[in-house]
Amino acid sequence: MLVASILKVFYWFGHYYSLSLLVQAVIMIGVQIVLLKVALDNRPSPGVKNGVEHVPFSNLDEKGSVRPYEFWQWKSAKPYWMFLAYFVGALSFVQILLPPIAESDFYVNLLGYAGLAVEAILPLPQIIANHRTRSCKGFRVSVLAAWILGDVMKMSYFFCSKEVIPWAFRLCEHYLAPLHLALRSPAASSLPFKITLTPFPSGTGHMITSLREKEIDIAIGLTEGWIAGLAGKQQAQKDAASGGYKVVGHWVDTPLRWAIITGREREELHTVADLKDKRVGVSRLGSGSHIMSFVLAQKHGWKPDSLTPVVLGPFQALRNGVTGYDASHPDQPPAPSAEFFMWEHFTTKPYFHATLDKPHPPLKKIGEIFTPWPSWLIVASTSVFPDPEHDEKLQQLFHVLDQGIKEFQANHDQVVRLLGTGELGCTYIEEDAKEWLKDVRFTGSTRGVDRKVVDGVVDVLKVAGVIDSGMSNDEAATRVIGIPR
């Protein structure tokens, strides 16, 4: 529990989750340190006491095997404190002196999931020991009851809290709500194949890789990502058949809502007009955050190159880029590396929307912009569906997806309630759920792709330099579209 709580504390520096959860982890560290001190100072002598055999700090288990390095079964107290000191020291070293690692999504998520995994398997040694002895003697029922009650309360907090709980605590995606409804319908049981949902929090690029490596068969993702993956400069040098997937359907017909964000203390930036000829933070070149900078310039009549892209990395790095916060030098004056960035509205809202718990969020929203195309499309692997237009299995799947969307559209009050309970794979407070529902419109028919949508995205991607300007729209459409409308 000490290790799990320490990992959670360092995870907070990368994900800034709820302060309530951070305080819980800190308190748990304090309590566990006191318990460890008491246990080390009051170790019972070997023997049998009250019918329970005690072999304190033995380096042998019941089968006579030895733990590696006698881990956590040392006979003196010093190694325990030395281990904790080295463990915290190593994590602090990475956090303070190696910011490229500390701020990477992989490292941050590793901390979160490692802490979650350690805490989740804590009961296993006790269960195994009791099973081997065929006895629970010495194990207090009150401890088990308190354990269960604590976890029930924690789970209730995770799924009822109005604060944002990160991926290491719960998994959600509001745009997939109709998909969850579809898979709960009777029609889903009649499909000739089993559907397994695989979340990809790392984004559309990761899904493209998985499609090409035959790890997934069908995917729902951002429009510009799918088209850039098939018609972008790198892929254009290869044969069209090597794309690995084709776009086969629509999912969301309405645009994606992007918030235009800067640091709360950036007094010189008040409106979108103040951003002309400024630096825009992007996650990577060719990403949605980069492409939308060209859309913004086009909308306001600026030159296509009027905004200078600064590659900062994932969401946290973008936030730090506009605030100027440097985790490796927290006491230094802020030195922002970009004036603004753009990100999906509801993902960004907890960082600019003031609440009672967070009255002074680090960011401020100075505008918003919508993609000039439908935001989500469906793709299918060409290795599994080589002729998607005439594939009967895909046709059956489209029917099930259409049923899920119809159920979603038929009763928005029910959707708001289900989003609040987490039954649709996502937990939203009522206010945000209703606001999102006002903006979103899922497609009436999932099967097939509108050529005009593809042409519109290709034109913008050419301006952005993602697609070679010499590629004709006909060639791009041939590479992208698997089922035309």
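## Strand pairing and helix H18

In this predicted model, strands S6 (residues 279-282) and S7 (residues 308-311) run parallel and are joined by four bridges. Within this pair, arginine 279 of S6 has threonine 308 as its bridge partner in S7. Together with helix H12, the strands S6 and S7 build a right-handed β-α-β unit.

An open sheet is formed by three strands in the order S3-S10-S4, with antiparallel pairing. The edge positions belong to S3 (218-222) and S4, each of which has a single partner strand, so one side of each lacks a neighbour in the sheet. On average, neighbouring strands of this sheet are turned by 30° against each other, direction ignored. Between S3 and S10, alanine 219 lies opposite valine 379 of S10.

The two strand pairs with listed bridges are set out below.

| Strand pair | Sense | Bridges |
|---|---|---|
| S6 (residues 279-282) and S7 (residues 308-311) | parallel | four bridges |
| S3 and S10 (residues 376-381) | antiparallel | five bridges |

Helix H18 comprises 13 residues (451-463); at 1.5 Å a residue these should span 18 Å, and the end C-alpha atoms are 19 Å apart, which agrees. At the start of H18, the backbone nitrogen of lysine 452 has a side-chain oxygen of aspartate 450 within 3.0 Å. Just after the helix, glycine 465 adopts a positive phi of about 80°.

The buried residues of H18 are Val453, Val454, Asp455, Val457, Val458, Val460, Leu461 and Lys462. Their cover includes helices H10 (223-231), H12 (288-299) and H19 (473-480), as well as strand S4 (245-252). H12, the helix of the β-α-β unit, is thus among the elements that cover buried residues of H18.

How values were computed. Residues are numbered from 1 along each chain as its sequence is written. This is a predicted model: local features need pLDDT of at least 70, side-chain atom pairs count only at pLDDT 80 or more; totals for chains, interfaces and linings use all residues. Side-chain values use heavy atoms; hydrogens and water are left out. Helices (H or I, at least four residues) and strands (E, at least two) are DSSP runs, numbered from the N terminus. The expected span of a helix is 1.5 Å times one less than its number of residues. Buried means under 20% relative accessible area, exposed over 50%, partly exposed in between (1.4 Å probe, protein chains only). Contact means heavy atoms within 4.5 Å. A polar contact is a pair of N or O atoms within 3.5 Å; within protein, one must be able to donate a hydrogen and the other to accept it, and residues adjacent in sequence count only if both atoms are side-chain atoms. Two strands pair if DSSP finds at least two bridges between them. A crossover is right-handed if, with the strands pointing away from the viewer, the path from the first strand over the helix to the second runs clockwise. Axes are lines fitted to C-alpha atoms, for helices over the stretch in contact, and angles run from 0 to 180 degrees between N-to-C directions.
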